[in-house]
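Here is a short note for a colleague who is opening this entry for the first time. Please keep the sequence and the 3D view side by side while reading.

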Amino acid sequence: MGSVGCDTNTNPHGAMTDRSAHVALDFHPRLPVVTTCDAPESSSDGGALLLRAMDERLGLTAGFAARIPDRRDPRFVQHPRLEQLRQRVYQIALGYEDCNDAARLRNDRAFKVICDRMPEDEEGLSSQPTLSRMENGVPMSRIKALLLEVEDGFVRALSRRRRLVVLDIDPTDDPTHGAQQLTFFHGYYDTHMYFPLLVFDGETGDLASVVLRPGNVGGARGALGLMDRLVRAVRRRCPRATILVRADSGFAAPEFLAKLDALHEQLGDVRYVVGVAKNKRLIELLRPWMVIAEAWFEHTGKPARRFESFQHKAGTWAHSRRVIGKAEHLPDGANPRFVVTNLADEDEQVYETYCGRGQAENYIKEFKNAVHGDRLSCSTFAANFFRLLIHALAYRLLNALRDAVQPMSQPRMQFATLRIRLLKVAAIITQSARRILVRLPVSFPAREMFLDAARWLTSPAPA
C-alpha cells in the first residue's frame, strides 16, 4: 500500500531526530502520493493571527502578564513573561492544552509571529520546562491580583450602554487523579476533586470570573466576596443597567441572599432569582396548585403546570422573601420547584428567567471540553489556580472572537466549530526585509469570514 522512509540526524545530545519523514501512498491511479513533514515555512494554525489581533484589542494578556511575578535576572532573560503567557494561552485556545506540545510548537512560524518573534528566529519560543517553571513560580500571595485582572478585563469589555447584565454563578466538579494540594473527597460527586466556582455573563457567555476552591467546600463558599466585587464593578461600568444574579439552590444560603439584598439597597436595581430546595413547608404552601395541576394532567393526559408566589421566611432567613412555586405534574408524577427572588415580574416570567441560567451549563461544558479548563495536574494549589486563570483567558479570547464573526442570523457556534472552521488553516509564512507574509489557501472555505474578521480587528475599537 505504501512505503515509509526517514532521514535521521544526531542532535548535540546524541539523540536521533527525525529530519524528513515521508510516506508514499499508492492510491492515486497515475503517480504515488508522497507526504513529508519537512516544510519549515508552513503552519497548520494560520488562524492564530486572529487570536492575537483580538487579544490586542482586548488587552487581555498584556494586563495579566504585567502582574505575573518574575524574579529572573533580566540580563539573562530570553523569553519575557508576556511572550510566555501568550504562547501558553494561544496554545490552549488552539487545542494544544498539554504543555508538552510546546516541544514542537515553539518552532512553528505562526506561533512565533503571534508571540512577537520573527518567523525565521532560530531560537524559537519557550520549551515545556520553561513554561512549567513559569506556571509553578507564581506564589499564592499573587493569585488575587491575577484574579482581579481577569475580572477587571471582563468589566472593561462591557458596553456602558448595557441595560441588563446577567451574572450566572455556578460551581463544577474537577476530578483529580494525583497528589494535588487541597484536593479532597466530595461525597455528592463521589470522587476526589477541586470545586471551581465560575461566573458567566448570561447574555454573551463571556467568563466574568473563576475561583479555584478545595474539593470539600460547600457550594456557595467564596461566593459572597466574589459577587460583591463583580456587582460593584459592573455598577461602576454600567450605572444605568439592571444587574441580575442567577444561581441554583446551592446558593440559597442566608448569607448569600442577604449580600444581594444589601447590594440592591446600596447600589440600586440589583436583582436576583435563586433556586430553593423543596421542603415540607414549601410543598404544603404549593399543595392547592399541585392538586389543580394533577387534575388537569389526568383530564388531558398532557403535562400541566401552574405558578404561584407567596411570602416565605425560612428559619435561617432574617426576613421573608418572595418565593415562586412551580406546580407541575408530568407522566412520572409531581415535579414541584421553587425560586426566591426580588423581581416584580409575573410568576411564570420570573421562573422562565431563572430557567435561562441553564445556559451556564453549556458555557461550563465549553470551558471544560474546548479549552480543557479542568486540566489542573500541578502539585501545588497556587500553580493550579494560576493554570485555571490561564485557561480562563483562552476562553475569553475564543468567546470574543466568536462574537465578532458569528452572524446574528445563525445558531451560535461552539468553540470546537470555530476552531476547525476559522483557526485550523494551513499557512505559508515567509519573512523579508519589508514584511511578514502569511499566505492562506485560495480554497479556504472560511475565507470571507476570516478576511471580514481581520478587517474588523484592524479598525478602531468602539468607544
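The points below go from the whole chain to single elements and then to single residues.

1. Status of the model. This is a predicted model. Please read every value below as computed from that prediction.

2. Overall make-up. The protein chain has 463 residues, and 48% of them count as buried. Its secondary structure comes to 15 helices and 20 strands. Along the principal axes, the C-alpha atoms fill a box of roughly 80 × 60 × 45 Å.

3. Contacts along the chain. Take the contacts between residues at least 6 apart in sequence. Of these, 63% join residues at least 24 apart.

4. Surface and charge. The accessible surface is about 23,000 Å². Carbon and sulfur atoms account for 52% of that surface. The chain carries 63 positive and 55 negative side chains. The centres of these two sets lie 4 Å apart.

5. Helix α7, length. Does the helix have the span its residue count calls for, or what does it show instead? Helix α7 covers residues 143-157, which is 15 residues. At 1.5 Å a residue, the expected span is 21 Å, because the rise is counted for one less than the number of residues. The end C-alpha atoms are 22 Å apart, which agrees.

6. Helix α7, burial. Which residues of α7 are buried? They are I143, L146, L147, E149, V150, E151, G153, F154 and V155. Two glutamates, E149 and E151, are on that list. In an α-helix there are 3.6 residues a turn, so residues three or four places apart point the same way. The cover over the buried residues of α7 includes the helices α2 (60-65), α8 (223-237) and α13 (381-405). Strands β7 (164-171), β11 (197-201) and β12 (207-211) are also part of that cover.

7. Helix α6. This helix spans residues 128-135, and its buried residues are T130, L131, S132, M134 and E135. What do they pack against? The partners are α3 (81-93), α4 (102-105) and α13. Helix α13 also helps to cover the buried residues of α7.

8. V231 in helix α8. V231 lies in α8, one of the elements covering α7. Its relative accessibility is 0%, so V231 counts as buried, the cut-off being under 20%. V231 touches L167, I243, V245, L263, L267 and V270, leaving aside residues up to four places away in sequence. V231 and V155 are 76 residues apart in sequence, yet their C-alpha atoms are 9.8 Å apart in space.

9. T176, a loop residue. Where does T176 lie? T176 sits in the loop between β8 (174-175) and β9 (184-186). Is T176 buried or exposed? T176 is buried, because its relative accessible area is 8%, against a cut-off of under 20%. Leaving aside residues up to four places away in sequence, T176 touches T183, H192, M193 and Y194.

10. A hairpin, β19 and β20. Strand β19 (residues 427-431) and strand β20 (residues 436-439) pair in the antiparallel sense over four bridges. The two strands form a hairpin with four residues between them. To trace the pairing, start at T430, whose bridge partner in β20 is L437. I429 has V438 as its bridge partner in β20.

11. The sheet around the hairpin. The hairpin strands belong to an open sheet of three strands, in the order β6-β19-β20, with antiparallel pairing. The edge strands are β6 (42-43) and β20, since each pairs on one side only.

Definitions and conventions:
Residues are numbered from 1 along each chain as its sequence is written. This is a predicted model: local features need pLDDT of at least 70, side-chain atom pairs count only at pLDDT 80 or more; totals for chains, interfaces and linings use all residues. Side-chain values use heavy atoms; hydrogens and water are left out. Buried means under 20% relative accessible area, exposed over 50%, partly exposed in between (1.4 Å probe, protein chains only). Contact means heavy atoms within 4.5 Å. Accessible areas come from the Shrake-Rupley method with a 1.4 Å probe; for residues, only the protein chains shown count as cover. Lys and Arg count as positive and Asp and Glu as negative; His and the chain ends are not counted. The place of a charge is taken as NZ of Lys, CZ of Arg, CG of Asp or CD of Glu. Two strands pair if DSSP finds at least two bridges between them.
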